[in-house]
Amino acid sequence: MTRSVKRVVLVLLAAAVLAFAAWMLWPRSLGDAVDLEGEDLYGFLVTLNVRDGQSQTDSESYTVSADSEQAEAILELLDQYTYHFCWDTLTGADVISEIGDIIVDLDASGDLERKLSVSNGTGKARVNGRVVRIGYFGSGQAAALCEQLSAILRGESGVAN
């Protein structure tokens, strides 16, 4: 009897661990998470450079009208990417280390509850105040997303401003 109870407990424990791992790693839509559709978008782009041995920060801000081609391109791009939870999500961390040299912040109508912050130096992003991981196992998806968002905001992607 005790051997069968141990087996049941081990099976339940293994099922709980698998369910937790599936919940953490399940891909969630980035476009659905930030829900920016139908809103004016505010973009903030920070570029970190080293020139003549000195670190310099350049920042640019953009306002994208909700009915523009640029906003449509941003929304389509966000729908192509997914994120999943990571340990930082569980611990409540709200800072991303190893930020890289380009950081893109997007929010809708100044609503910080629906905000995206992504940088090209890490696989992590902040989505609605939570640190999450974009892509799996060093896939470089966060860097690609950052580069594509900055190109759209700057008007370098062939989308009219």
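Begin by selecting R28 and F85 in this predicted model. R28 lies over the face of F85, 3.9 Å from the ring centre. F85 itself is buried, with a relative accessible area of 5%.

Keep F85 selected and add Y83. The two residues form a tilted aromatic pair, with 6.4 Å from centre to centre and 55 degrees between the planes. Y83 also counts as buried, at 10% relative accessibility.

Now extend the selection to F20, W23 and W87. Together with Y83 and F85, these residues form one aromatic cluster. The structure holds four aromatic pairs. One of them joins F20 and W87, which are tilted at 35 degrees between the planes and lie 6.5 Å apart, centre to centre. Colouring the helices helps here: F20 belongs to helix α1 (residues 2-25) and W87 to helix α4 (residues 87-91), so this pair ties together parts that are 67 residues apart in sequence. With the surface displayed, F20 counts as partly exposed at 38% relative accessibility, whereas W87 counts as exposed at 61%.

Finally, turn to the cysteines C86 and C146. How many disulfides does a search of the whole structure find? The search finds zero. C86 is in no disulfide, and the nearest cysteine sulfur, that of C146, is 17 Å away. Because a disulfide requires the sulfur atoms to be within 2.5 Å, this separation is too far for a bond. Select each residue in turn to view its surroundings: C86 is buried, with a relative accessible area of 8%, and C146 also counts as buried, at 0% relative accessibility.

Notes: Residues numbered from 1 in each chain as written. Predicted model: local features only at pLDDT ≥ 70, side-chain atom pairs only at ≥ 80, totals over all residues. Heavy atoms only, no water. Buried < 20%, exposed > 50% of the residue type's maximum accessible area, 1.4 Å probe, protein only. Phe/Tyr/Trp six-rings, centres within 6.5 Å; stacked < 30°, edge-to-face > 60°. Helix = DSSP H or I, 4+ residues; strand = E, 2+ residues; numbered from the N terminus. Lys NZ or Arg CZ within 6 Å of the ring centre and 35° of its normal.
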